[in-house]
Amino acid sequence: MMRFDRVSVELGDKQILDQISFSLQPHKITALLGRNGCGKSTLLSCLTGTKKYTGEILLDDRNLALMTPRERAARVAVLPQVLPKVPLTVRELVSLGRNPYLDLGRHLTEADREQIDRALSWTGLEQLADKRVEVLSGGERQKAYLAMVLAQNTGIIVLDEPTTYLDMGAAADFAQLLVTLKTRHKKTILIVMHDLTGAVEFSDNLVVIRDGRIAFAGCASACVESGIIESVFGVRKGTCCKDGRECVLFYR
Amino acid sequence: MKKWLQKTSAAVLLLALILVGTVLLAVRLGSVEMSSAAFLGGLLRRPGYETFTLILYQLRLPRVLGAILAGAGLSLSGLLLQNVTGNDLAGPNIIGVNAGAGFAVILLLFTGSVGVYWTPVAAFFGAFLTTLLILYTAVKVNGSKTTVILAGIAVTAVLNAGISFLSMLDSDVLVTYNHFSIGGLTAVRMEQLIVPGVIIGASLSAAMLFGKRINVLCLGDALAASLGVNVGRMRLFALVLASASAAAVVSFAGLLGFVGLVVPHICRRVWGGEFGRLLPLTALFGAILVLSADLAGRLLFAPSEIPVGIVMALIGGPFFFSLLLRRKQAYDEI
């Protein structure tokens, strides 16, 4: 289980994150919500050690900051918001996901290749495996990077706005893929989202950040009931019927 | 491109064969014509062929080896820099190699306290120490690739101003400096190549050993860190390798421009961007390119010579330009 314990980040004299504490429930999807600039991406940067912070991030009661980069990378995969157009093929990119497991001079083993093929298959990218990433569409590129993260084969997957470039259908497929990863492959997923309706629909838990502080952390239905989302985002809540069941939606 | 040529081993083999062929041409051809018998006699140091032995071992072979080392070293440096900074336009000059070497050489010439034989030593340490200064400054700020580039621009500007100032004070110094700054392999001696050869060989080996981790740096800091790479340390390591190999070349070939920028770019277009695969291919391609350019410079207007730096720019420039146009077409078709 991963736990954020009083995590704070200062940039100059500005407090970006202030005493953030919450836990990720194992094998569940947790959506991280908040308005632009509230510190969501900064919080994710703490996970890769690229941002200095105070407080602790604990992984099974071990301090993440005290792990070696490779040890950390074998347990937590973080996909940031900006995904560069690199001159690699999709397969080469996905194979980079095996980096935490490769010692100096070691080449990919058969098991590594199987993991890479599996990641390509889960994301439906087999046909694009030999295409260069720099010529893919935004949505395809996002999937290719997700496949890389899946090849990393970590228990915890952290995604920063992964559906930005996806059309509505692709975003729904993507959400379904996350649900499959959670249920069938027992992954714990933390995902930064701006689609409030989607977040409530597909997440088990919600963490809402307002001005660098936790406004809510708990199960999605309790969050919806609390009215926090309306207050933080200035939206209104409604309901609709989807496939015979009632769903919550947010609008302005 | 043919499918078989995309395989690394096939491409390495092909380039190695082309390099061997170019080496044979380069030692055989020159302003002094040699028959096959004279060539073999000179090569095997047979009695009666002393002149040819002298030409081959004192002039042509050091020059050929120098061209191979210069091409491989600068290409390796450019490939490392482009990968680490994520900038296709990066070359050894952005980490101060040219400005550092140039300033050290002109300072040496200006003070006149030691002989010109110390020029290679000054060039190497000028280039290497300037890079270390740039990296130190960048690491002190935040160690990001943008800071490396900005620190490089600032330090280079100061050193270039120093070069201009010193060259204004003494016109004799300017003449000698110009010769160094154009870059060439005319007077290369075998003993000059030993230390640079070791440095370039060691840099290439280290880059191969750490190739997988250096490759990950092209994804940017956040992703590389997420994949278990100690980004700051690995970037610094790669930049030191890039600096050492380029400084080693500058020490015997002068400021040979263009190679470090263009060769990795061309190889990436042809064989993709996977760093580990590109390493041997880029080194071989760079060696072939510089050796061919030097050969062309020797033969085109023999017995006069055009410095290899000028030939490189004349041949490589239009070729690079055509590649860019083809790249634009490819993007337009998407």
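The exercises below, each with a worked solution, concern two helices of a predicted model.

In this predicted model, local features need pLDDT of at least 70 and side-chain atom pairs count only at pLDDT 80 or more, while totals for chains, interfaces and linings use all residues. Residues are numbered from 1 along each chain as its sequence is written, chains are lettered from A in the order in which they are written, and side-chain values use heavy atoms, with hydrogens and water left out.

**Exercise 1.** Describe the span and the burial of helix H13 of chain B.

*Solution.* Begin with the extent: H13(B), a helix (a DSSP run of H or I with at least four residues, numbered from the N terminus), covers residues 259–271. Next, compare its 18 Å from first C-alpha to last with the expected 18 Å, where the expected span is 1.5 Å times one less than the number of residues. Then turn to burial (under 20% relative accessible area, with a 1.4 Å probe and protein chains only): ten of the 13 residues are buried, among them Pro264(B), His265(B) and Trp271(B). Finally, look just past the helix, where Gly272(B) follows with a positive phi near 85°.

**Exercise 2.** Carry out the same steps for helix H5 of chain A.

*Solution.* H5(A) runs over residues 138–152, and its 15 residues reach 21 Å, close to the 21 Å expected. As for burial, this helix is mostly covered, with twelve of its 15 residues buried, including Arg141(A), Tyr145(A) and Gln152(A). The residue that follows H5(A) is Asn153(A), whose phi is positive, near 50°.

Terms used
Helices (H or I, at least four residues) and strands (E, at least two) are DSSP runs, numbered from the N terminus. Buried means under 20% relative accessible area, exposed over 50%, partly exposed in between (1.4 Å probe, protein chains only).
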